[in-house]
Amino acid sequence: MQISFHGAARTVTGSKHLISLKNGKKLLLDCGMFQGMGRQTDELNSQFGFHPTEVNYLVLSHAHIDHSGLIPKLYKEGFRGTVFCTSGTKDLCKVLLIDSAEIQQADTKYINRKRLKKGLPLFEPMFSTEDVKNCLELFSTVEYDKWVSIDDEIKLLFTDAGHIIGSAAVNLQLVEDENTTRITFSGDVGRYADAILKSPEECPQADYLILESTYGNRLHEEVKDSAEAFLGWIIKTCLEKKGKLIIPAFSVGRTQQLLYMLNQLENKNKLPALTYFVDSPMSLEATEVIENHPENFNPVLLDVLLHDNDPFKFKGLKYIKTVDESKQINFFNEPCVIISSSGMAEAGRVKHHIKNNIEDPKNTILMVGHASPFSLAGKLMNGVKQVDIYGRDLIVKAEIGKMGGMSAHGDYNDLCHFISNQDQNKIKKLFLVHGEYDVQTQFAEKLMQKGFDVEIPGMNYALTLGN
Ligand SMILES: [Zn+2]
């Protein structure tokens, strides 16, 4: 059999790895979209590097768009096989893929308006909401921790990866010439002390390991009590300075982490009586999906559920759905907390909230996640004194804060923990994927010292696997 890497190869997005068996069957691991790669992005997303019609099975590790985002395009170009994933992943895909299609349709409409004026040929969106609905029909859900036979030659086991709701590591047993080859694909690996999710599970011994490496060269900042740290920012901004606390946060995962912390504060009678706006169209649906999948919750949260049936809800919480309601927040003259997407403040409603509040020293903009240095959140974190938002030059007078320790990706120690039960002498090759190349080379060096045979595949690299 052969494996080839068509995305998340020496970069962090576009996850796509194809296993081709001698009998002609093809199994794709993830079908992710490339994101944030500048001008290259569209071109990278335009070609798969294989024929969608030839793919028999797609095994999806989790719902993040950089792992699932091109499934509707795969469908549009002829894929009619089965998509295997956990039920949490399917539910989140419904929310995320529809949102992705809507963004693309809106973007294309905007670009086409300009192209029409110039007499240029019009663009088509990569896929439509119709393609999303159709591809979701191909999804078949598989429980965690149960081997299932996809066909006579292929067995599949999902183990919890602790990264987001529904996230799984993919363990395969592939039979060829009466020999079995065991391949494990980590997907994205979570953390061993997440506030909401279970820790990543052990995977069975593999012959080939495909391991993510996003933070393979660093350790996350340790935060003893994030809820208390969060409370500190609320007290300082809203009670002492009487200002607004604005938090750019991704609607799935990060927003619910923040809501859970606020709920914890309420349970301890420490939550200040304020209005807490959650202003992102997807957040309410995402929270509902998360609440519906307690199989991913860690024991502490399951314990909380015994006496608090809604750990993401508290007094003062207000979800904002429409654009009009969002605009109304500008006229809300009391101290408040606004959690809004996107996480890097590059787009979305949070960009408007930042624009409207950044010139007032009473307010705080609090960063709770990784931001690329070119994004608005990244620039603010790096201490710029002036920013251009929607064509307006604004002086940064609001306080810029940072709350660490909230990453959904494991760090170097977590990744080592994740593979700690694997016998390196039985692993024929460890492929590092889903990481920037300089991070990967540093991580590879450490893994080689531990005795692993490591390879960092480049884009479209293919290799024959022995058994
Ligand atoms: Zn992910």
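**Salt bridges, zinc site, voids and backbone geometry**

A salt bridge joins Glu124 and Lys76, with the closest N and O atoms 3.2 Å apart. This pair connects distant parts of the chain, 48 residues apart: Glu124 belongs to the loop between α4 (87-117) and α5 (129-136), and Lys76 to helix α3 (residues 71-76). The structure described here is a predicted model. Glu124 has a relative accessible area of 65% and is therefore exposed, the limit being over 50%. Lys76 is partly exposed, because its relative accessibility is 37%.

In total, the structure contains 16 salt bridges. Side chains of opposite charge can pair when their charged atoms come close. One of these bridges is formed by Lys241 and Glu399, whose closest N and O atoms lie 3.2 Å from each other. Here too the pair links distant parts of the chain, with the two positions 158 residues apart in numbering: Lys241 is in the loop between α6 (226-240) and β12 (244-248), whereas Glu399 is in strand β19 (residues 399-402). Both partners are classed as partly exposed, Lys241 because of a relative accessibility of 24% and Glu399 because of a value of 22%.

A further salt bridge pairs Glu77 with Lys73, and the closest N and O atoms of this pair are 2.7 Å apart. The two residues fall into separate accessibility classes. Glu77 has a relative accessibility of 35% and so counts as partly exposed, while Lys73, at 6%, counts as buried. In addition, salt bridges connect Lys25, Asp151 and Glu153 into a network.

The zinc ion has four protein donors, namely His62 through NE2, His64 through ND1, His163 through NE2 and Asp188 through OD, at 2.2 to 2.3 Å from the ion. Along the sequence, the spacing of these donor residues is H-x1-H-x98-H-x24-D. Ideal angles for four tetrahedral donors at a metal are 109.5 degrees. The angles subtended by the four donor atoms at the zinc ion run from 88 to 169 degrees, and the arrangement is therefore irregular. The upper end of that range explains why the site is not classed as tetrahedral, since 169 degrees lies outside the limits of 85 and 135 degrees that apply to all angles in that class. Of the donor residues, His62 counts as buried because its relative accessibility is 0%. His64, with a relative accessibility of 12%, also counts as buried, as the limit is under 20%.

The voids examined comprise a pocket and a cavity. The second largest pocket encloses about 870 Å³ of space. Its lining consists of 30 residues, and Ala193, Asp194, Ala195, Val223 and Ser226 are those nearest the centre of the pocket. Helices α6, α7 (254-267), α9 (299-307) and α13 (412-418) each contribute at least two lining residues to the second largest pocket. The largest share, five residues, is supplied by α7. By class, the lining of this pocket comprises twelve nonpolar, nine polar and nine charged residues.

One cavity of 30 Å³ or more was counted. The largest cavity holds about 30 Å³ of space. The residues lining the largest cavity are Pro248, Gly343, Met367, Val368, Gly369, His370, Ala371, Ala377 and Met381. Six of the lining residues of the largest cavity are nonpolar and three are polar, and none is charged.

Several backbone features were also noted. Most residues other than glycine have a negative phi, and most peptide bonds are trans. The peptide bond between Ser341 and Ser342 is cis, with omega at about 10 degrees. Ser342 is located in the loop between β15 (336-340) and α11 (349-357). The loop between β15 and α11 also contains Ala345. Ala345 is not a glycine, yet has a positive phi of about 60 degrees. With a relative accessible area of 0%, Ala345 is buried.

A positive phi, near 65 degrees, is likewise found for Asp145, a residue other than glycine. Asp145 is situated in the loop between β6 (139-141) and β7 (148-149). In contrast to the buried Ala345, Asp145 is partly exposed, because its relative accessible area is 43%.

Technical notes:
Residues are numbered from 1 along each chain as its sequence is written. This is a predicted model: local features need pLDDT of at least 70, side-chain atom pairs count only at pLDDT 80 or more; totals for chains, interfaces and linings use all residues. Side-chain values use heavy atoms; hydrogens and water are left out. On a 1 Å grid over the protein atoms alone, a cavity is a set of points where a 1.4 Å probe fits but cannot get out, and a pocket is an open set with protein on both sides within 12 Å along at least five of seven lines; lining residues have an atom within 4 Å of a point. Grid points are joined across faces, edges and corners, and a volume is the space filled by probe spheres set on the points. Ala, Val, Leu, Ile, Met, Phe, Trp, Tyr, Cys and Pro count as nonpolar, Asp, Glu, Lys and Arg as charged, and the others, Gly among them, as polar. Donors are N, O and S atoms within 2.8 Å of the metal (3.2 Å for Na, K and Ca); water is not among the atoms, so sites may look incomplete. Four donors count as tetrahedral if all angles lie between 85 and 135 degrees; four count as square planar and six as octahedral if opposite donors are over 155 degrees apart and all others between 65 and 115; anything else is irregular. Buried means under 20% relative accessible area, exposed over 50%, partly exposed in between (1.4 Å probe, protein chains only). A salt bridge is a side-chain nitrogen of Lys or Arg within 4 Å of a carboxyl oxygen of Asp or Glu. Helices (H or I, at least four residues) and strands (E, at least two) are DSSP runs, numbered from the N terminus.
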